[in-house]
Amino acid sequence: MAQKRPLFVMMVVVLFLAALFGVKTIADALRKEKAYQLTVNGRKWFTVARKDSLENMLDEYQKQYLANIDKNARIKRISFSQRVKITEVVVDRDEIGTLEAAKEKIYAVEDEAVAIEVKQGDNFWNLAKANDITVKDLEIFNPDMDPDKIFPGDKLVVKPFNPVLDVVIELENTVVESVPFKVEYRNDNTLYKNQKKILKEGIEGQKEVSYNITLLNGYQRSLKVKNERMIKEAVNAIVQIGTRKTVFKGGRVNYGVVSGKRISSLYGYRIHPITGRRRFHDGLDIAAAYGNGVYAYTDGRVVASGWNGGYGLCVLIDHGNGLQTRYAHLSKIYVSVGQKVSTAAKIGAVGSSGSSTGPHLHFEVIKNGRTQNPLNYL
Ligand SMILES: [Zn+2]
């Protein structure tokens, strides 16, 4: 029958091939199987039977680096630095490896992390230098450490964990940060140099900052501000700063309110030069030449003027806000009660009136009824 001819021809061909290559080759061909091969940068790592198991393993490996990331962050991409590829192949059954062996290769480590213990006197700068890394690296390797607050016994990573397969994670995170306030200085010629007066306290603001972050094996590789949104503006502090220069220049000491020779007695306890008793001196004595001008500390109104017991000829000026200044032992007074005076107005002359051992100005600063150390005001 004509129909049997093709079958016959095929059998002849098979027998011919079997004779040519040997029976073993056909048996081998029957032992081949479909499998999945992992290549890294083009190099074959291993072959496993199941694709989903391999994919899950790689997935799990990558996800271990998500553990320390803010739960509110948006993970945009997880990838490998290396070219990692899964290819379907047909291989001999013997070539198919176990998942355990595959896992060992995937989780292989090139360098374990190296940590050191902080010793007394260490800081980020000397530790970075000693370990041949930058201060920035040290901060990146130790994200939970505050560089200003490291203590002996703390452990610091100086060489990061370095796996064979490098995981790159790209994420976006938005955090609220404080906005520092600025200080506006206003020149004030009624205050002497070094004197400051806070007119308004500053208040920190708040802003929302979105960052684009890239991590390599869990360590920050790049961090860029993507967007900033002000939630609450900072309120600037306003500070008045004195510009007023001393009254006279030259070899003499100048205290603003008088051109003197020296401070002859400080504020506080002292042995009184006349009574010899220990007592509290509630002003500053500035030895000065008889007749030297005495000037108003700052703007104000004269509330007392004239003889006042031990003070001798004395002027008391009220500057408002609970501040008063007193000028005692004068030889002359140029102002009267109720008179407005401006800063540095000449109000009297140095003398030795009252309980005084020589020409000097006794200068007192009174805040809310209590005397203050005038050195804090001059
Ligand atoms: Zn005095």
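## Close-up views of the predicted model

**View A. D285, at 5% relative accessibility, counts as buried, since the cut-off for that label is under 20%.** This is a predicted model, as are the views that follow. Its partner H362 is buried too, with a relative accessible area of 3%. Both residues belong to the zinc site, where the protein donors are H281 through NE2, D285 through OD and H362 through ND1. These donors lie 2.0 to 2.2 Å from the zinc ion.

**View B. The zinc donors are spaced along the chain as H-x3-D-x76-H.** D285 sits in strand β20 (residues 284–287), while H362 sits in strand β27 (residues 360–367), so this pair ties together parts that are 77 residues apart in sequence.

**View C. K367 is another residue of strand β27 to look at.** With a relative accessibility of 28%, K367 counts as partly exposed, because that label covers values between the 20% limit for buried and the 50% limit for exposed. Which residues does K367 touch, leaving aside those up to four places away in sequence? They are N321, G322, L323, Q372 and Y377. For G322, the C-alpha atom is 5.4 Å from that of K367, although the two residues are 45 apart along the chain.

**View D. Helix α3 covers residues 51–63.** From its first C-alpha to its last, this 13-residue helix reaches 18 Å, close to the 18 Å expected at 1.5 Å a residue. If you would like to pick out its buried residues, look for S53, L54, M57, L58, Y61 and Q62.

**View E. Helix α3 meets helix α4 (residues 99–106), and their axes come within 11 Å.** The angle at which these axes cross is roughly 30 degrees. Angles under 35 degrees count as roughly parallel, and α3 and α4 are therefore described that way. Their crossing is right-handed. On the α3 side, the contact is made by S53, L54, M57, L58 and Y61. On the α4 side, the residues taking part are L99, A102, K103 and I106. The α3 residues S53, L54, M57, L58 and Y61 are also buried.

**View F. Stepping back, the whole protein holds six helices and 28 strands.** How much of the protein is made up of buried residues? The share is 36% of its 378 residues. Among contacts with a separation of 6 or more, 68% are between residues 24 or more positions apart. The contact between K367 and G322 from View C is one to revisit here, with the two positions 45 residues apart in the sense of chain separation.

Terms used: Residues are numbered from 1 along each chain as its sequence is written. This is a predicted model: local features need pLDDT of at least 70, side-chain atom pairs count only at pLDDT 80 or more; totals for chains, interfaces and linings use all residues. Side-chain values use heavy atoms; hydrogens and water are left out. Donors are N, O and S atoms within 2.8 Å of the metal (3.2 Å for Na, K and Ca); water is not among the atoms, so sites may look incomplete. Helices (H or I, at least four residues) and strands (E, at least two) are DSSP runs, numbered from the N terminus. Buried means under 20% relative accessible area, exposed over 50%, partly exposed in between (1.4 Å probe, protein chains only). The expected span of a helix is 1.5 Å times one less than its number of residues. Axes are lines fitted to C-alpha atoms, for helices over the stretch in contact, and angles run from 0 to 180 degrees between N-to-C directions. Angles under 35 degrees count as roughly parallel, over 145 as roughly antiparallel, 65 to 115 as roughly perpendicular and the rest as oblique. A crossing is left-handed if the near helix is turned anticlockwise from the far one by less than a right angle, and right-handed if clockwise. Contact means heavy atoms within 4.5 Å.
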